[in-house]
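Work through the following exercises with the sequence and the model side by side. Try each task before you read its solution.

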Amino acid sequence: RAADVIGLRPPNIAHALGALCLVPGLAWAAIRFGTLQQSLLPMPQGSLDNPDLVQAITEFSTLKLTFLMALSPAIWEELLFRGALLFGFRHDLPRTKAVLLQAALFAVAHASVYRLLPTFILGLLLGGLRLRSRSVWPAVLLHAGYNGLLVLGASERVDALVEANWPAWLPWLWIPGLLLLAVGGRRAD
């Protein structure tokens, strides 16, 4: 069935909760890595001067911004990269090579030398999550949550989402997240 090919089966609840617990830690790491990356490989000054992006961030409602820049890309990218492509690569390649290849294509598809490494790492994590859970939905949850935190934090829509206002324990939710993914089991291939 096509639904099984791209992983549309309902996820194990432990995998879904585990994915959501990984979101704040992943966003925290992305902010930290972004600061380091900016010092080593600074983005050109005019790279963020896209008028459409500025309009979206300043004029769109929070709901519209979240849908267009967090949820929608997460759904479509997961269906393509962790659904169709990863499934296809698994027919001809070992698991590790399939995950590496889909992560590399995911990173290249974002068309930014400045985001290549973090996007590749995110692709590895999402690919591993997809294989672990045998469902694309935990990867969608993680991807949408990650995008949402970064977009809403960058637009300063919700003060609590700006990293400086996070409770110190929040990024540490990755620990129970990994435990939930581990105890949630893995369905047989």
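A residue is called buried when its relative accessible area is under 20%, exposed when that area is over 50%, and partly exposed in between. Keep in mind throughout that the model is a predicted one.

**Exercise 1. The overall make-up**

Find how many helices and how many strands the protein chain contains, and what share of its residues is buried.

Solution. Begin with the elements: the protein chain has eight helices and zero strands, and read from the N terminus their order is α-α-α-α-α-α-α-α. Next, turn to burial, where the count shows that 36% of the 189 residues in the protein chain are buried. Finally, look at the contacts between residues at least 6 apart in sequence, of which 77% join residues at least 24 apart.

**Exercise 2. Two residues and their surroundings**

Decide whether His143 is buried, partly exposed or exposed, and do likewise for Leu20.

Solution. First locate His143, which lies in helix 7, the stretch of residues 137–154. Its relative accessible area is 2%, and because a value under 20% counts as buried, His143 is buried. Then list its neighbours: leaving out residues up to four places away in sequence, His143 touches Ala74, Glu77, Glu78, Arg82, Phe106 and Leu126.

Now take Leu20, which is placed in helix 2. Its relative accessibility is 42%, so Leu20 falls between the two cut-offs and counts as partly exposed. As a last step, follow Leu20 across the fold to Leu142: these two residues are 122 residues apart along the chain, yet their C-alpha atoms are separated by 5.7 Å.

**Exercise 3. How helix 2 packs**

Work out at what angle helix 2 crosses helix 6, and at what angle helix 2 packs with helix 7.

Solution. Start with helix 2 and helix 6, whose axes come within 11 Å and cross at roughly 170°. Since an angle over 145 degrees counts as roughly antiparallel, these two helices are roughly antiparallel to each other. Their crossing is right-handed. On the side of helix 2 the contact is made by His15, Ala19, Leu26, Phe33 and Gln37, and on the side of helix 6 by Leu117, Pro118, Leu122, Leu125, Leu129, Arg132 and Ser133. Sorted by class, the residues of this contact are eight nonpolar, three polar and one charged.

Continue with helix 2 and helix 7, which pack at an angle of about 35° with their axes 8 Å apart, and whose crossing is also right-handed. Among the residues that helix 2 brings to this contact are Leu20, Leu26 and Ile31, while those of helix 7 include Leu142, Tyr146 and Leu149. Here the classes are 16 nonpolar, two polar and no charged residues.

**Exercise 4. Helix 4 against helix 6**

Determine how helix 4 is oriented relative to helix 6, and which residues meet between them.

Solution. Helix 4 covers residues 62–92 and helix 6 covers residues 116–133, and their axes come within 10 Å and cross at roughly 65°. That makes helix 4 roughly perpendicular to helix 6. The crossing is right-handed. In helix 4 the residues Glu78, Arg82, Gly83, Leu86 and Arg90 meet Gly123, Leu126, Gly127, Arg130 and Leu131 of helix 6. These residues divide into three nonpolar, three polar and four charged.

**Exercise 5. The nonpolar cores**

Identify which residues of the largest nonpolar core touch the most other members, and which helix gives the most to this core.

Solution. The largest nonpolar core has 17 residues, and those that touch the most other members are Leu26, Leu122, Leu126, Leu129, Leu142, Leu149 and Trp166. Then ask where the members come from: helix 2, helix 6 and helix 7 each give two or more residues, and helix 2 gives the most, with five residues. One of the well-connected members, Leu126, touches Glu78, Arg82, Ala139, Leu142 and His143 when residues up to four places away in sequence are not counted. A second, separate core has five residues, including Leu86, Phe89, Val99 and Leu131.

**Exercise 6. Unusual backbone angles**

Find where Ala111 and Arg134 lie, and what sign their phi angles have.

Solution. Recall first that most residues other than glycine have a negative phi. Ala111, in the loop between helix 5 and helix 6, has a positive phi near 50°, and with a relative accessible area of 69% Ala111 is exposed. Arg134, in the loop between helix 6 and helix 7, likewise has a positive phi, of about 55°.

How values were computed. Residues are numbered from 1 along each chain as its sequence is written. This is a predicted model: local features need pLDDT of at least 70, side-chain atom pairs count only at pLDDT 80 or more; totals for chains, interfaces and linings use all residues. Side-chain values use heavy atoms; hydrogens and water are left out. Helices (H or I, at least four residues) and strands (E, at least two) are DSSP runs, numbered from the N terminus. Buried means under 20% relative accessible area, exposed over 50%, partly exposed in between (1.4 Å probe, protein chains only). Contact means heavy atoms within 4.5 Å. Axes are lines fitted to C-alpha atoms, for helices over the stretch in contact, and angles run from 0 to 180 degrees between N-to-C directions. Angles under 35 degrees count as roughly parallel, over 145 as roughly antiparallel, 65 to 115 as roughly perpendicular and the rest as oblique. A crossing is left-handed if the near helix is turned anticlockwise from the far one by less than a right angle, and right-handed if clockwise. Ala, Val, Leu, Ile, Met, Phe, Trp, Tyr, Cys and Pro count as nonpolar, Asp, Glu, Lys and Arg as charged, and the others, Gly among them, as polar. A nonpolar core is a set of buried Ala, Val, Leu, Ile, Met, Phe, Trp, Tyr and Cys residues joined through side-chain atoms within 4.5 Å.
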